[in-house]
Amino acid sequence: MESKLKPLDIKNLNDNVFSLLKDDWMLLTAGTRELFNTMTASWGAFGMLWNKPIAIGFIRPQRYTFDIANQTEHFTLSFFSHDYRKVLNFCGSHSGREVDKIAQTGITPVFSENSGVHFSEARLVLECKKLYVDELKPENFFATNLIKEFYPQNDFHHFFIGEITNCLSSNIR
Ligand SMILES: Cc1cc2nc3c(=O)[nH]c(=O)nc-3n(C[C@H](O)[C@H](O)[C@H](O)COP(=O)(O)O)c2cc1C
C-alpha cells in the first residue's frame, strides 16, 4: 500500500505546535525494526538549536520506551487525527513490557532505513536523530513547587533532543 505521507519541508509546517502537543498528543517511538516501542506523549518542544530544526521528547525513566530510546539513535513523533484517540489512550496507559501495543491497537509500523519506526495511519511524522540527552535535576529547579507537584517519586524526566531529519505529512487533519 502506498503511504499517504509525503515529505514536507519543516518550514512549511502549518500546524500549531502547542495544539499538536496539548490537544492531539503524539506517539513517541524509539527503536528499529528489530526492537521498538511506542508510547503516548504530550510533553515536548520544537525549535532551532545548533542551526538545526529540533524536537525534544521528555521521557520518565520507568517507561519501556526510555530503555529503548537509550539504546538507539533515532526516535520518531507520530501525530494522528482525533479518530485515533482510543489508540493513543491505550499506548499511554499500557507498557510495551506487558502488552504488544501494535497487535492490540492495529496500527501499522513503517520501518525507514536509518530513521526509525513510525506509523502509516499518522497524519504527521517527525523523524529525529538523537543529538543530546540529559535528565532534569532537582537542584536546577527555580520553581521548586514543580518537584512536589510532578516528581513525588523522584522520577525526573530525561530529555532527548533530536534533530528533525525528516518531516512527513498527509493533508488529513
Ligand atoms: C496524554 C498522555 C500524555 C503522556 N505524556 C507522556 C510524556 O510526555 N512523557 C512520559 O514519560 N510519559 C507520558 N505519558 C505516559 C506514557 O505514555 C505511559 O506511561 C505509557 O504506558 C508508557 O509506555 P511504555 O512503558 O511502553 O514506554 C503520557 C500518557 C498520556 C495518556
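How many residues surround the ligand, and which are the closest? The ligand is surrounded by 19 residues, and the closest are Trp 43, Thr 65, Gly 92, Ser 95 and Gly 96. A residue is near a molecule if its C-beta atom, placed from the backbone, lies within 6 Å of it.

This is a predicted model, in which local features need pLDDT of at least 70, side-chain atom pairs count only at pLDDT 80 or more, and totals for chains, interfaces and linings use all residues. Residues are numbered from 1 along each chain as its sequence is written.

**The shell around the ligand**

β3 (36-41), β5 (52-59) and α2 (64-71) are the elements that give two or more residues to the shell. Of the elements, β3 gives the most, with four residues. Helices (H or I, at least four residues) and strands (E, at least two) are DSSP runs, numbered from the N terminus. Sorted by class, the shell has seven nonpolar, nine polar and three charged residues. Here Ala, Val, Leu, Ile, Met, Phe, Trp, Tyr, Cys and Pro count as nonpolar, Asp, Glu, Lys and Arg as charged, and the others, Gly among them, as polar.

**The chain as a whole**

The secondary structure of the chain comes to five helices and 10 strands. Its C-alpha trace spans about 50 × 40 × 30 Å along the principal axes. The chain has a radius of gyration of 16 Å, which agrees with the value near 16 Å that a compact globule of 173 residues would have. This radius is taken over C-alpha atoms, and the globule rule is 2.2 Å times the number of residues to the power 0.38. Of the contacts in the chain with a separation of 6 or more, 71% are between residues 24 or more positions apart. Two residues are in contact if their C-beta atoms, placed from the backbone, lie within 7 Å.

**Strand pairing**

Two strands pair if DSSP finds at least two bridges between them. The table lists pairs that run antiparallel.

| Strands | Bridges | One pair of opposite residues |
|---|---|---|
| β1 (residues 6-7) and β10 (residues 158-169) | two | Lys 6 and Ser 169 |
| β5 and β10 | six | Gly 57 and Phe 160 |
| β9 (residues 124-135) and β10 | 11 | Tyr 132 and Ile 161 |
| β6 (residues 74-79) and β9 | six | Thr 76 and Glu 127 |

Leu 126 also stands opposite a residue of β10, namely Cys 167.

**The core and two loop residues**

Buried residues make up 31% of the 173 residues in the chain. A residue is buried if 20 or more other C-beta atoms lie within 10 Å of its own, exposed if 12 or fewer, and partly exposed in between, with C-beta atoms placed from the backbone. A nonpolar core is a set of buried Ala, Val, Leu, Ile, Met, Phe, Trp, Tyr and Cys residues joined through C-beta atoms within 7 Å. The largest such core has 33 residues, and Met 26, Leu 28, Leu 77, Leu 88, Ala 122 and Val 125 have the most contacts inside it. Leaving out residues up to four places away in sequence, Leu 88 touches Trp 25, Leu 27, Thr 40 and Phe 80.

Trp 25 lies in the loop between α1 (17-24) and β2 (26-31). Its phi is near 65°, a positive value in a residue other than glycine. Trp 25 counts as buried because it has 22 C-beta neighbours inside 10 Å.

Asn 114, in the loop between β7 (109-112) and β8 (116-119), also has a positive phi, of about 65°, although it is not a glycine. Asn 114 is exposed, because 10 other C-beta atoms lie within 10 Å.
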